[in-house]
Amino acid sequence: MLQNTARLQSLIPVDFTGFVAVVKRDCATCRLIEPALRELKDSLGFLLYSQDDPAFPNSISGVRDDTELELSYRLEIEVVPTLIQLDAGRETHRLAGWQRDDWRRLTRLPELGEGLPAFSPGCGSISVDPGMPEKLAYKFGDTPLQARRIEVAAQQDEHEFAFERGWSDGLPVIPPTEERVLKMLAGTTRSPAEIIGIIPPDNIPCTVEKVAINAVMAGCKPEYLPVVLAAVEAACRDDFCMHGVLATTYFAAPILIVNGPIRDKIGMNSGNNALGQGNRANSTIGRALQLVIRNVGGGRPGGVDRAALGQPGKFGFCIAEREHDSYWESLALERGFSRDDSTVTLFAGGGVHPIADQKSRAPESLTRSLALSLRTVHHAKIYGAADALLIISPEHMRVFRGAGWSKVRFRDELARHLTTDGRDVLADADGIAEGMPKRFAEKRVNKFRPGGLLIVHAGGAAGMWSAIITGWAASGPRGSIPVTVPIKS
Amino acid sequence: MRLLDPTSENEPAQRERLPRPQSLANKRIALLDISKPKGDVFLDRLAFQLDGMGIESRRFTKPTFTRVAPVDLKHQIASECDLVIEALAD
C-alpha cells in the first residue's frame, strides 16, 4: 500500500508508534482544527507535517517540513488533514478530513476539539494535484519504468535529437521524458510491464510502457492510451497480418475506426472533416500505432516497409463513426459488440477515394451509384481480392433513412450491383491485360468477399459525398482480415 | 534532459553471410514460390535450366506471400537443400 516503506523509514523513525498528521496552511479545515492539533501535540507527542508552510500551524512547535512532499507521496496522502496511526512503523488506522468523534475515538482523547464543529471536510493534498503524482514518482525514484534512459546533452536540441535517432515519422515528436510517460500511463489501469502483443516485423514483445512512450511522442493525451493499446493489440493479431500490411509494395496501412462511448469521452471528431486533420485524438492515436510499429517493431520505409508509393494515411489514420444520429447500426454493432462497448477496428486500407452523387434522391439510384465507384476498388477488372471501407455521409444517409432502408437492406441491394459476369472482367478483355483468370469466364463474380465490405457513417451534415477507403490487394484469409478489439480501461 | 528509449532496445547479433559457392556442382537447390502471380513461371523456367545443367532442384511453396514462411518449411528447406532461389515478387 505505502510507497516504498523502506524509504519512508528515513522520514519517520523506525518502529515509530503514535500518530502522524499531514496538513497545509491553504486548507480551511486544517486552520480550523489548529486547537485540536495543539492538544494532540501536547498530550500525545506526535509528528505533524506541513505541506506548504513549515511555520504552520504557528502555535505548534516542531512542525516538520514536507514542502518537498516526499512524506505525503510515500504515505499516499490524498486529503488534508489526514491523521494516521502507526504501530511499530505499520499503519493501523487513517482518518481523512475532520470528524471530531472519529478523531476522539482514535486518539482516545474524549475532549479533543471541544468547541470545534463535529465535521469539516478536508482539502486535496498537494501531492495529488494534477500531474503531481507523476512528478513525485519521478522525483523520488519510484518509477515502474524499465525502458533504457537516454541522456540528451544540454547543448543538444531534444527535437533534433529524436529525428537523429530515427524515432520520427518525419514530423516532430514530443520528447518522451519520464514525467510525460508516467502521466501517459495514468491513462490506463494496465501494468506498464504487461505485454500487449508481439510487434512485427521484428516480432518484439511490446509492453504497455513502450506503447505509452510512443503515444507521448505521437502527441496523445493519457485518456487516448486505452485506444492506442487496443489498436496495438489488434495489429498483433494474426488475422490482421501486420507484417504483410507493412511489407507489401501496395498502399496498405492500419486504419483505425473507433466506435462506442469513448469517442465522445476523448473528444474524437466524426463530423466535419471526419477523415481529415485538426482533431488531436483523431490525429495522434493512429500516429501512435505507426510509431510503435516503427520504433518497437522496427518497421521502417525502405526496410521491411516496401510500399512503392505509400499514402498520407501512413502517418496515422484514425477515424470515429458518427453514431449519435446514424440511421444504421454501427460497425461495432454489426461486428457483435453492444452500444455500451468501446471498440477499435483495424482495417488494412489505402487512400481515400471520393464518391460524388448530388442527384440521387432515391435509394435505388444512390445504391447503384455507390456500387459503380466500388467496382473500381483495387482494379475495375479484379473481383474478390481487396476489401473496402465505405463511408456514408449524413446527406447520403438521409436518402436511405427517407426510404426506410435498413443497413441490411442496403447491403443486400448493394451486393446485387456488385456482381458481374466473369467473362466481362477477364484478363485481356477490353484490351487490358489485367483482370480475372480465365477460369472465371463462365461464373458470376462478386466484387467483395463475404465480410469484405465495411460500412461506416461519418462526416459533416452538408455535402452529398461519400468515400471509399480501398483495402489491401491481399485482403481476406490469405492476407489481412479486419480485426475489432474492445477498448479496456 | 533524460528520455526513455521508444525502441525495442534490441541489438541483433551480426552474422556473416555464408560464402557463395564456387560452383553448383553436387548442390541441391530449393526453388521457393511465395505464391505471388507468375512466380511459378519464373521458377519453372529456372527448374528447366537447372535440369539441363544436371543440377537437382526441389520446389517449395509458401502458403501465402503475406506472411513469413512457416518454421517447418524453413527447416525442411535447410535440411534438404544447399541453396535457395526465391521468386520474391510479381
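This is a guided tour of a predicted model with chains A and B, to be followed selection by selection in the viewer.

**Stop 1: chain B as a whole**

Select chain B and hide the rest. Chain B holds two helices and four strands. Read from the N terminus, the order of its elements is β-β-α-β-α-β. The radius of gyration of chain B is 18 Å, whereas the globule rule gives 12 Å for 90 residues; chain B is therefore more spread out than a compact globule. Turn the C-alpha trace of chain B along its principal axes, and the spans are about 65 × 30 × 20 Å.

**Stop 2: the sheet of chain B**

Keep chain B on screen and colour strands 2, 3 and 4. They form an open sheet in the order 3-2-4, with parallel pairing. Which strands stand at the edges? Strand 3 (56–61) and strand 4 (83–87) of chain B do. Each has a single partner strand, so one side of each lacks a neighbour in the sheet. On average, neighbouring strands here are turned by 25° against each other, direction ignored.

Now zoom in on strand 2 (residues 28–33) and strand 3 of chain B. These two run parallel and are joined by six bridges. For one pairing, pick Arg28(B): its bridge partner in strand 3 of chain B is Glu56(B).

Next, add helix 1 (residues 39–52) of chain B. Helix 1 packs on this sheet and touches strand 2, strand 3 and strand 4 of chain B. The direction of helix 1 makes about 165° with that of strand 2 of chain B.

**Stop 3: the loop before strand 2 of chain B**

Select Glu9(B). This residue sits in the loop between strand 1 and strand 2 of chain B. What is phi of Glu9(B) near? Phi is near 65°, a positive value in a residue other than glycine.

**Stop 4: where the chains meet**

Bring chain A back. In the contact between the chains, 14 residues of chain B meet 29 residues of chain A. The side of chain B that touches chain A comprises five nonpolar, five polar and four charged residues.

Pairing also crosses between the chains. Select strand 10 (residues 149–151) of chain A and strand 1 (residues 2–4) of chain B. The two strands run antiparallel, with three bridges joining them. Within this pair, Leu3(B) is the residue opposite Ile150(A).

**Stop 5: the five-stranded sheet of chain A**

Hide chain B. Colour strands 1, 2, 3, 5 and 6 of chain A. This open sheet of five strands has the order 3-2-1-5-6, with mixed pairing. Strand 3 (64–65) and strand 6 (90–96) of chain A are the edge strands, each pairing on one side only.

Move to strand 1 (residues 18–23) and strand 5 (residues 82–87) of chain A. Five bridges pair them in the antiparallel sense. Ala21(A) faces Leu83(A) in strand 5 of chain A.

Then show helix 5 (residues 100–107) of chain A. Helix 5 packs on the sheet and touches strand 1, strand 5 and strand 6 of chain A. With the direction of strand 6 of chain A, that of helix 5 makes about 160°.

**Stop 6: cis peptides in chain A**

Select Phe56(A) and Pro57(A). They are joined by a cis peptide bond, with omega about -5°. Pro57(A) is in the loop between strand 2 (47–50) and strand 3 of chain A.

Go on to Val80(A) and Pro81(A). A cis peptide bond links these residues too, with omega about -5°. Pro81(A) belongs to the loop between strand 4 (79–80) and strand 5 of chain A.

**Stop 7: helices 10 and 13 of chain A**

Select helix 10 (residues 225–236) and helix 13 (residues 280–295) of chain A. They pack at an angle of about 45°, and their axes are 9 Å apart. That angle is why helix 10 of chain A counts as oblique to helix 13 of chain A. Their crossing is right-handed.

Show the side chains at the contact. Helix 10 of chain A supplies Val227(A), Val228(A), Ala231(A), Val232(A) and Ala235(A). Helix 13 of chain A supplies Ile285(A), Ala288(A), Leu289(A) and Val292(A). By class, this contact has nine nonpolar, no polar and no charged residues.

**Stop 8: helices 9 and 13 of chain A**

Keep helix 13 and add helix 9 (residues 208–218) of chain A. The axes come within 8 Å and cross at roughly 125°. Helix 9 of chain A is thus oblique to helix 13 of chain A. This crossing is right-handed.

Contact residues of helix 9 of chain A include Val211(A), Asn214(A) and Met217(A). Among those of helix 13 of chain A are Thr284(A), Arg287(A) and Asn295(A). By class, the contact has seven nonpolar, three polar and one charged residues.

Technical notes
Residues numbered from 1 in each chain as written. Chains lettered and ligands numbered in written order. Predicted model: local features only at pLDDT ≥ 70, side-chain atom pairs only at ≥ 80, totals over all residues. Contact = placed C-beta atoms within 7 Å. Nonpolar A, V, L, I, M, F, W, Y, C, P; charged D, E, K, R; others polar. Pairing = 2+ DSSP bridges. Axes fitted to C-alpha atoms, helices over the stretch in contact; angles between N-to-C directions. Parallel < 35°, antiparallel > 145°, perpendicular 65-115°, else oblique. Left-handed = near helix turned anticlockwise from the far one by under 90°. Rg over C-alpha atoms; globule rule 2.2 N^0.38 Å.
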